[in-house]
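Hello,

Here is the structure you asked to look at. My notes follow beneath it.

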Amino acid sequence: MRKEKRIWKTAWKFHAEAEVKGIGIVPMTFIRAPYIESAEKDVEVLAVVEGKTVGVKYGNQLAFAFHPELDEDIRIHQKFLDIVKESV
């Protein structure tokens, strides 16, 4: 797994590139830099940046601390659509 790379940062927003499990290295734009503080054992951690969990999967649900809609990479959206297709 490649270590994440911070690209730029402002006072309340930053951009990084890091691995999302099952997808690969993706661009990540954070606003107010939140993270997932803890996760139960049945929650799969998908992404970590600077030692903080920023992506998880629980059953057919995805949650990210960054905003994939702010970048041009559509693989996270595609993963979501694949999960929806599998559940119907």
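**Nonpolar core**

In this predicted model, the largest nonpolar core has 15 residues, and those touching the most other members are Val20, Met28, Phe30, Val49, Val54 and Phe66. Two or more residues come from each of β2 (13–20), β3 (24–31) and β4 (44–49). The biggest contribution is that of β2, which gives four residues.

**Thr29**

Thr29 lies in strand β3. With a relative accessible area of 4%, Thr29 is buried, because buried means under 20%. Leaving aside residues up to four places away in sequence, Thr29 touches Lys13, Phe14, His15, Phe66, His67, Leu70 and Asp71. One of these, Phe66, is also among the core residues that touch the most other members. With another, Asp71, there is a polar contact between side chains, at 3.0 Å.

**Glu50**

The other residue to look at is Glu50, in the loop between β4 and β5 (52–58). Its phi is near 50°, a positive value although the residue is not glycine. Most residues other than glycine have a negative phi. Is Glu50 best described as buried, exposed or partly exposed? Glu50 has a relative accessibility of 44%, so it counts as partly exposed, the class between under 20% and over 50%.

When you open the model, I would start with the core, then go to the Thr29 and Asp71 side chains, and finish with the backbone at Glu50.

Regards

How values were computed:
Residues numbered from 1 in each chain as written. Predicted model: local features only at pLDDT ≥ 70, side-chain atom pairs only at ≥ 80, totals over all residues. Heavy atoms only, no water. Core = buried A, V, L, I, M, F, W, Y, C linked by side-chain atoms within 4.5 Å. Buried < 20%, exposed > 50% of the residue type's maximum accessible area, 1.4 Å probe, protein only. Polar contact = N/O pair within 3.5 Å; in protein donor to acceptor, adjacent residues only side chain to side chain. Contact = heavy atoms within 4.5 Å.
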